[in-house]
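Trainee: I should like to learn how to read the features of a structure. Please begin with the sheets.

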Amino acid sequence: MEEEDNNNSSSSSKNKVDKFKIGSLPTLMYIPDFITHDQQTLLLNNINGAPHSKWKSLKNRRLQNWGGIVHEKGLLAQPLPPWLAKVTLKICEETGLFPAPINHVLINEYLPNQGIMPHQDGPAYFPVVAILSLGSPAVMDFTPHSRLMEENHKDDKTLDNPRPFSVLLMPCSLLIFKDSAYSDYLHGIKDSELQSFNGVVNEVEALNYQEQDSEEVKNIHRTSNRISLTCRLVLKVHKNLFKF
């Protein structure tokens, strides 16, 4: 009976999140104002209050790793802190897209002129990713994987050609992508303080926000840092290194 209730709850959550689908792919969802500004402030306070040793500096950003070490064979797990577990539980419960609790979170901090090169998430993860955006807005670009373009060319398809697209990520929003959006596309953010959101697939959903001087110029000016929480699930969990 309890399992049946859980299944019904998951199904209900999936139906609820369907209304947030954007673009032409059925597996891309954008939820504006997923958290409140007060909740954002609390998260930022916890992130900025983490020990200095928790930050790892990379060439174009710095990051915190929570949940353990991801290995090609699975996750050498560590429990998420309560403040992170609370938000990942909210994501799981309100989307119904994860088959088990989220157990790994990468927190990336970007300066106004920093982004991330187009990439795909590794095979260790269940093919759903939820990105919670804090601080400055940014535009995320999705590019069809070269493999997809080659297959499309070989099949000589003229309809439904995979095309690049972009998503405007506003503070407090949640972006979710899965299935083909996860496996067939690279995602990245340009290294630029000025980013155009002209033609993004979620302009109507994202814009209770206008920063452009005219209707023709649709730009955001990244004047502050952006912090993102990339929340994922590793199905294979190991309690100690010797099980790898």
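Mentor: Seven strands (DSSP runs of E, at least two residues, numbered from the N terminus) make up an open, antiparallel sheet in the order β1-β11-β8-β15-β6-β3-β2. Two strands pair if DSSP finds at least two bridges between them. The model is predicted, so local features need pLDDT of at least 70 and side-chain atom pairs pLDDT 80 or more, while totals for chains, interfaces and linings use all residues. Residues are numbered from 1 along each chain as its sequence is written, and side-chain values use heavy atoms, leaving out hydrogens and water.

Trainee: Why is one side of β1 and of β2 left without a neighbour in the sheet?

Mentor: β1 (28-31) and β2 (55-57) stand at the edges and each has a single partner strand, so one side of each lacks a neighbour in the sheet.

Trainee: How many bridges join β8 to β15?

Mentor: Six bridges join β8 (residues 128-135) to β15, and the two run antiparallel. Within this pairing, Leu 132 has Leu 229 of β15 as its bridge partner.

Trainee: Which strands does helix α2 touch?

Mentor: Contact means heavy atoms within 4.5 Å. Helix α2 (residues 37-48; a helix is a DSSP run of H or I, at least four residues) packs on the sheet and touches β2, β3 (62-66), β6, β8 and β15.

Trainee: What is the strand order of the open sheet of three strands?

Mentor: The order is β4-β5-β16, with mixed pairing. Four bridges join β4 to β5 (residues 74-77), which run antiparallel, and Ile 69 stands opposite Leu 76 in β5.

Definitions and conventions: Axes fitted to C-alpha atoms, helices over the stretch in contact; angles between N-to-C directions.
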